[in-house]
Amino acid sequence: MLGATVLGFSGYSLLLPVVPLWAARGGAGALGAGATTAVLMLTTVVTQLAVPWLLVRIGHRWVLGLGVALLGAPAPLLALSAHLGPVLAVSAVRGIGFGLATVAGSALVAELVPPAQHGRAVARYGLAVGLPQLALLAAGVAVVEQLGFAVVFVAAGVGPMLGALLVPAIRVPRGEGRGVPTAVGQVASPTRSAFGPVLAMLSCAIAQGGLITFLPLVAPGAGLLVAVALLVTATGALLGRIAAGHLVDRRGWGGRLLGPGLLLAAAGMAAEAGAVTLAAGDVVGGLLLVVGAAAVGVGFGLVQNDALTALFAAFGSARYGTASATWNIAFDAGTGLGALGLGAVAEPFGYGPAFALSAVLCGLAAGARNRVLQPRPGV
């Protein structure tokens, strides 16, 4: 399962910052470039609403395999045209695959290990998701500079298709997809307990979605700097998820890492806004760009792991698929909103105000989570 996840996310990670750049080369402005990510995430979220039902009907492996294949197979078609219409159409199909793969993958984490190991299992899943981003978010932009877009589009198709070949090797427990009845009193109020994790995921995803989409456009003449910033945000997310997995399982800090993660992300986006104001190409602006990207990554990594384990606890073992869908919808809806919403702000006002707005949203979410509702502690 982890191998299929690595290969599937390789296609996602390669293209996430490259497709907006491709659309911009085809004549789309900031709003059009952001729309490519927004459409990907819109079809992802719509698909994710149906995945818990599909998991019960056809099983985790079929859903995961189909999703990974749909994520990769259309990618080479992007080379046929840089016009916004065809790019959006391919992004929409890939979003369906991504929606299937993400919910099935994170639900399998909960199905394949006992609840006491969910924190570390989610961290390992985070490694499988994060390693491709660590290597390929930056590499995609760098390879485009050297070899062109077509090479990246083909590579983004090959990886997920190889991942689909690993899916039959996954061995799932008997009764897969049907869940286990929740013990009486285990979940007092899933909706209330889910508020904090969902709010944190949504806010941080808006920040990172906008950051990854627009970094190549913020400093178009600084390819190496952009590659470094994308590398450190992926590295930070990976380290944040590993740290959170240890703290949730070993220290019992489930549900207590959302606030610090949100504040780190807010500080990082504020640094990005400062970098744009100072001009990302100069020394101070470039340093702020990289440091801010790292802070956003670590903060979001903490939030991702802690939110998923908290949602598994909130919904209980009978509804791991629903918990997975809720987490992924918050993640992907936030990413799409970050691309489209911050693009809409950047079009008239510039990228600095757009990044600053995201910083404010993360800060407000941290305050709201602390004042209004406390999430249920992790498993």
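Which residues do ring pairs link into a cluster? The cluster consists of Phe9, Tyr12 and Phe98, joined through ring pairs. The model in which this cluster appears is predicted.

**Overall make-up**

The protein holds 13 helices and zero strands. Its pattern along the sequence is therefore helical from one element to the next, α-α-α-α-α-α-α-α-α-α-α-α-α. Of the 379 residues in the protein, 58% are buried. The protein exposes about 13,900 Å², and 71% of that area is supplied by carbon and sulfur atoms. When contacts between residues at least 6 apart in sequence are taken, 86% of them join residues at least 24 apart.

**Aromatic pairs**

A pair of aromatic rings is described by the distance of the centres and the angle of the planes. The count for this protein comes to ten aromatic pairs. Two of them are set out here.

| Pair | Centre to centre | Angle between planes | Kind |
|---|---|---|---|
| Tyr12 and Phe98 | 4.2 Å | 10° | stacked |
| Phe300 and Phe331 | 5.0 Å | 65° | edge-to-face |

The pair of Tyr12 and Phe98 links distant parts of the chain. Tyr12 belongs to helix α1 (residues 2–15) and Phe98 to helix α5 (residues 84–112), and 86 residues separate them in sequence. Both Tyr12 and Phe98 are buried.

Why is the pair of Phe300 and Phe331 edge-to-face? The planes of the two rings stand at 65°, and an angle over 60 degrees counts as edge-to-face. Phe300 lies in helix α11 (residues 283–315) and Phe331 in helix α12 (residues 320–349), so this pair ties together parts that are 31 residues apart in sequence. Phe300 is buried, as is Phe331.

**Nonpolar cores**

In soluble globular proteins, nonpolar side chains tend to be buried together. The largest nonpolar core here has 84 residues. Tyr12, Leu15, Met201 and Leu230 are the members that touch the most other members. Helix α8 (residues 190–218) gives this core its largest share, twelve residues. Another core lies apart from it and has 17 residues, among them Leu64, Ala104, Leu108 and Val167.

Which residues are in contact with Met201, leaving aside its neighbours within four places in sequence? They are Phe300, Val303, Gln304, Ala307, Trp327, Ala330 and Phe331. Phe300 and Phe331, which form the edge-to-face pair, are thus included in the contacts of Met201.

**Surface and partly exposed residues**

A nonpolar patch of about 330 Å² is found on the surface, made by Leu127, Leu131, Leu239 and Ile242. Helices α6 (118–147) and α9 (223–251) each supply at least two residues of this patch. Leu127, one of the four, is placed in helix α6. Is Leu127 buried or partly exposed? Leu127 counts as partly exposed because its relative accessibility is 30%.

Gly85 lies in helix α5, the helix that also holds Phe98. Gly85 has 45% relative accessibility and therefore counts as partly exposed. Between Gly85 and Thr36 there are 9.5 Å in space, C-alpha to C-alpha, while the two are 49 residues apart in sequence.

Terms used
Residues numbered from 1 in each chain as written. Predicted model: local features only at pLDDT ≥ 70, side-chain atom pairs only at ≥ 80, totals over all residues. Heavy atoms only, no water. Patch = residues over 30% accessible without salt bridge, like charges linked within 9 Å, V, L, I, M, F, W, Y side chains within 5 Å. Areas by Shrake-Rupley, 256 points an atom, 1.4 Å probe, with all protein chains shown as cover. Salt bridge = Lys/Arg side-chain N within 4 Å of Asp/Glu carboxyl O. Buried < 20%, exposed > 50% of the residue type's maximum accessible area, 1.4 Å probe, protein only. Phe/Tyr/Trp six-rings, centres within 6.5 Å; stacked < 30°, edge-to-face > 60°. Contact = heavy atoms within 4.5 Å. Core = buried A, V, L, I, M, F, W, Y, C linked by side-chain atoms within 4.5 Å.
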